[in-house]
Amino acid sequence: MIEQSTTPHLEIWMRAALAEARCALDHDDVPVGAVVVRDGQVIAARHNERELTGDPTAHAEILALRDAAAVVGHWRLDDCILVVTLEPCAMCAGAIVNARVGQLIYGATDPKAGAAGSVFDLVDSEVLNHRTPRTTGILAEECGQILKDFFAVRRSRR
């Protein structure tokens, strides 16, 4: 499982996820970024690419989990930490559970579609076969602000 000694690195890892989120702005995707950490090292880093690819499943979390599984060499990511700027949606929370991710860390909550504690709680559901411990609120203001700014610009274009 995940060691407590990783805690000082949470902000560093979240800043890496925020850097990924900013990359999504280059192709007008919702700025969400995710990194996967194993043994203290980032092994995968991705951002939303739905607009770029036209793929409705191209969320940062899904792409990062795919890349991490390729690095690890199997689908079980129980010794990995997923760090994401926004609370995962139902699709991503389901992928987190199915990948057996060892720990989830996210910044901003999503009161409209969050599936890791806000609207639903799929990552800690007693009815599913795996429960993922989570840490929330890491750099939450910064993670939330990038989203607020993005949507404010979008609304002004209408």
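Let us start at Asp-28, which is partly exposed because its relative accessibility of 27% falls between the 20% limit for buried and the 50% limit for exposed. This residue sits in the loop that links helix H1 (10-24) to strand S1. Its phi is near 60°, a positive value in a residue other than glycine. Keep in mind as you look around that the model is predicted.

Just before that loop comes helix H1, and Ala-21 is part of it. Is Ala-21 buried or exposed? With a relative accessibility of 0%, Ala-21 counts as buried. Its contacts, leaving aside neighbours within four places in sequence, are Pro-31, Val-32, Gly-33, His-47, Thr-85 and Ile-146. One of these partners, His-47, is 26 residues away along the chain, yet the C-alpha atoms of Ala-21 and His-47 are separated by 5.4 Å.

From here we can move to the sheet. It is an open sheet of 5 strands, arranged in the order S2-S1-S3-S4-S5, and its pairing is mixed. S2 and strand S5 (134-136) take the edge positions with a single partner strand each, so one side of each has no neighbour in the sheet. On average, neighbouring strands are turned by 15° against each other when direction is ignored. As background, strands of a sheet pair through backbone hydrogen bonds, in either a parallel or an antiparallel way.

You can walk across most of this sheet one pair at a time. S1 and S2 are antiparallel partners, with 6 bridges between them, and here Ala-34 stands opposite Arg-46 of S2. On the next step, S1 and S3 also run antiparallel, joined by 5 bridges, and Arg-38 faces Cys-80 of S3. Then the sense changes: S3 and S4 pair in parallel over 5 bridges, with Ile-81 opposite Gln-103 of S4. How many residues of S3 are buried? The count is 7 of its 7 residues, so this strand is mostly covered, buried here meaning under 20% relative accessible area.

Now turn to the helices, beginning with H3, which covers residues 60-72. Why does its length make sense? At 1.5 Å a residue, its 13 residues should span 18 Å, and the C-alpha atoms at its ends are indeed 18 Å apart, so the two values agree. Many positions along H3 are buried, among them Ile-62, Leu-63, Leu-65 and Val-72. The cover over the buried residues of H3 includes strand S1 (33-38), strand S2 (41-47), strand S3 (80-86) and helix H4 (90-98). Directly after H3 comes Gly-73, with a positive phi near 95°.

H4 has its own set of buried residues: Cys-92, Ala-93, Gly-94, Ile-96 and Val-97. Their cover includes H3, S3 and S4. H4 is followed by Arg-100, where phi is again positive, near 60°.

Further along the chain, the loop between S4 and S5 holds Phe-120. Phe-120 is partly exposed, because its relative accessible area of 47% is under the 50% that exposed residues must pass. Apart from neighbours within four places in sequence, Phe-120 touches Glu-87, Gly-114 and Ala-115. The C-alpha atoms of Phe-120 and Ala-90 are separated by 7.7 Å, although these two residues are 30 residues apart along the chain.

After S5, the next loop leads towards H5 and contains Leu-139. Phi of Leu-139 is near 50°, a positive value in a residue other than glycine. Leu-139 counts as buried, because its relative accessibility of 17% is under the 20% cut-off.

That brings us to helix H5 (residues 140-157), which lies across S3 and strand S4 (103-108) and runs at about 60° to S4. H5 also takes us to the largest pocket, since it gives the most to the lining, with 5 residues. In total 20 residues line this pocket, and those nearest its centre are Val-30, Leu-86, Asp-110, Leu-147 and Phe-151. The space in the largest pocket comes to about 580 Å³.

How values were computed
Residues are numbered from 1 along each chain as its sequence is written. This is a predicted model: local features need pLDDT of at least 70, side-chain atom pairs count only at pLDDT 80 or more; totals for chains, interfaces and linings use all residues. Side-chain values use heavy atoms; hydrogens and water are left out. Helices (H or I, at least four residues) and strands (E, at least two) are DSSP runs, numbered from the N terminus. The expected span of a helix is 1.5 Å times one less than its number of residues. Buried means under 20% relative accessible area, exposed over 50%, partly exposed in between (1.4 Å probe, protein chains only). Contact means heavy atoms within 4.5 Å. Two strands pair if DSSP finds at least two bridges between them. Axes are lines fitted to C-alpha atoms, for helices over the stretch in contact, and angles run from 0 to 180 degrees between N-to-C directions. On a 1 Å grid over the protein atoms alone, a cavity is a set of points where a 1.4 Å probe fits but cannot get out, and a pocket is an open set with protein on both sides within 12 Å along at least five of seven lines; lining residues have an atom within 4 Å of a point. Grid points are joined across faces, edges and corners, and a volume is the space filled by probe spheres set on the points.
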